[in-house]
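Visitor: I would like to learn how to read a structural model with some care. Could you take me through it feature by feature, with the general idea ahead of the particular case?

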Amino acid sequence: MDLTSYAELAVLVVNGELPDEYGLREELISVFALADAEKHDEAVELLNTLLARHPVHPQISAHDGQGWHLHLAEGGLVMGLAAVVTELGVDRLGGCRAQRCSNVFVDTSSNRSRRYCSERCASRANVAAYRARRRNDR
């Protein structure tokens with residue numbers, strides 16, 4: 001089972017792209033904010049609190065032409081973030097660096113280089129930086 005996919009679902013909930021079926025959005029936002037502020041111990045402490053409050057409930061499922069496989073109900077989002085933190089590090093949870101963007105992301109890159117929530121934000125930031133350099137060169 002790929003728990004990173006559940007961490008990505010947590011990102012979608014935080015960013016408002018998926019409904020918050022379990023009332024976790026505000027607490028997940030706090031986890032990302034703490035991680036982004038490099039308050040790693042506090043982020044892990046909150047994740048542990050959420051793991052206790054939202055236990056994982058595995059369910060066997062078959063859909064979309066797939067055979068039987070496990071899904072995690074309710075606590076899956078928290079478990080996914082916990083797996084990323086323990087396997088890759090708290091610093092892999094981040095907030096988009098683009099101006100006027102408050103979205104979050106999970107950095108699964110091999111060199112810990114992700115800084116933006118999407119290619120769109122990365123492109124906008126790069127174009128803005130290029131234009132600023134051109135203005136300063138004149």
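Visitor: Let me start with one helix: how many of the 12 residues of α4 are buried?

Guide: Please keep in mind throughout that this is a predicted model. Helix α4 is mostly covered, with nine of its 12 residues buried, and these are G76, L77, V78, G80, L81, A82, A83, V84 and V85.

Visitor: Against which elements do the buried residues of α4 pack?

Guide: They pack against the helices α1 (4-14), α2 (25-36) and α3, and also against the strands β2 (69-74), β3 (93-95) and β4 (104-106). The length of α4 can be checked as well: at 1.5 Å a residue its 12 residues should span 16 Å, and its end C-alpha atoms are 16 Å apart, which agrees. Just after α4, G89 takes a positive phi of about 120°.

Visitor: How should I read the packing of two helices, and at what angle do α3 and α4 cross?

Guide: Two packed helices are described by the angle between their axes and the distance between the axes. Here the axes of α3 (residues 40-53) and α4 (residues 76-87) come within 10 Å and cross at roughly 145°, and the crossing in which α3 passes α4 is left-handed.

Visitor: Which residues meet in that contact of α3 with α4?

Guide: From α3 the participants are V44, L47, L50 and L51, which meet V78, M79, L81, A82 and V85 of α4. Sorted by character, the residues of this contact divide into nine nonpolar, no polar and no charged. As background for reading such lists, an α-helix has 3.6 residues a turn, so residues three or four places apart point the same way.

Visitor: Let me turn to the cysteines: how many disulfides does the structure hold?

Guide: A disulfide is a covalent bond between the sulfur atoms of two cysteines. The structure holds zero disulfides.

Visitor: Why is C101 not bonded to C117?

Guide: The closest cysteine sulfur to that of C101 is the one in C117, and because the two are 3.7 Å apart they are too far for a bond. C121 is likewise in no disulfide, the nearest cysteine sulfur being that of C101, 3.7 Å away. With 11% relative accessibility, C121 counts as buried, since the cut-off for that class is under 20%.

Visitor: What should I look for in the backbone angles, and which value does phi of D64 take?

Guide: Most residues other than glycine have a negative phi, and most peptide bonds are trans. Phi of D64 is near 50°, a positive value in a residue other than glycine; D64 is placed in the loop between β1 (56-61) and β2, and its relative accessibility of 72% makes it count as exposed. R100, also not a glycine, has a positive phi of about 60°, lies in the loop between β3 and β4, and counts as exposed at 83% relative accessibility.

Visitor: Finally, what pattern does the protein chain follow along the sequence?

Guide: The protein chain has five helices and four strands, arranged along the sequence as α-α-α-β-β-α-β-β-α. Its C-alpha atoms fill a box of roughly 65 × 40 × 30 Å along the principal axes, and buried residues make up 35% of its 138 residues. Among the contacts with a separation of 6 or more, 41% come from residues 24 or more positions apart.

How values were computed:
Residues numbered from 1 in each chain as written. Predicted model: local features only at pLDDT ≥ 70, side-chain atom pairs only at ≥ 80, totals over all residues. Heavy atoms only, no water. Axes fitted to C-alpha atoms, helices over the stretch in contact; angles between N-to-C directions. Left-handed = near helix turned anticlockwise from the far one by under 90°. Contact = heavy atoms within 4.5 Å. Nonpolar A, V, L, I, M, F, W, Y, C, P; charged D, E, K, R; others polar. Disulfide = S-S within 2.5 Å. Buried < 20%, exposed > 50% of the residue type's maximum accessible area, 1.4 Å probe, protein only. Expected span 1.5 Å × (residues − 1).
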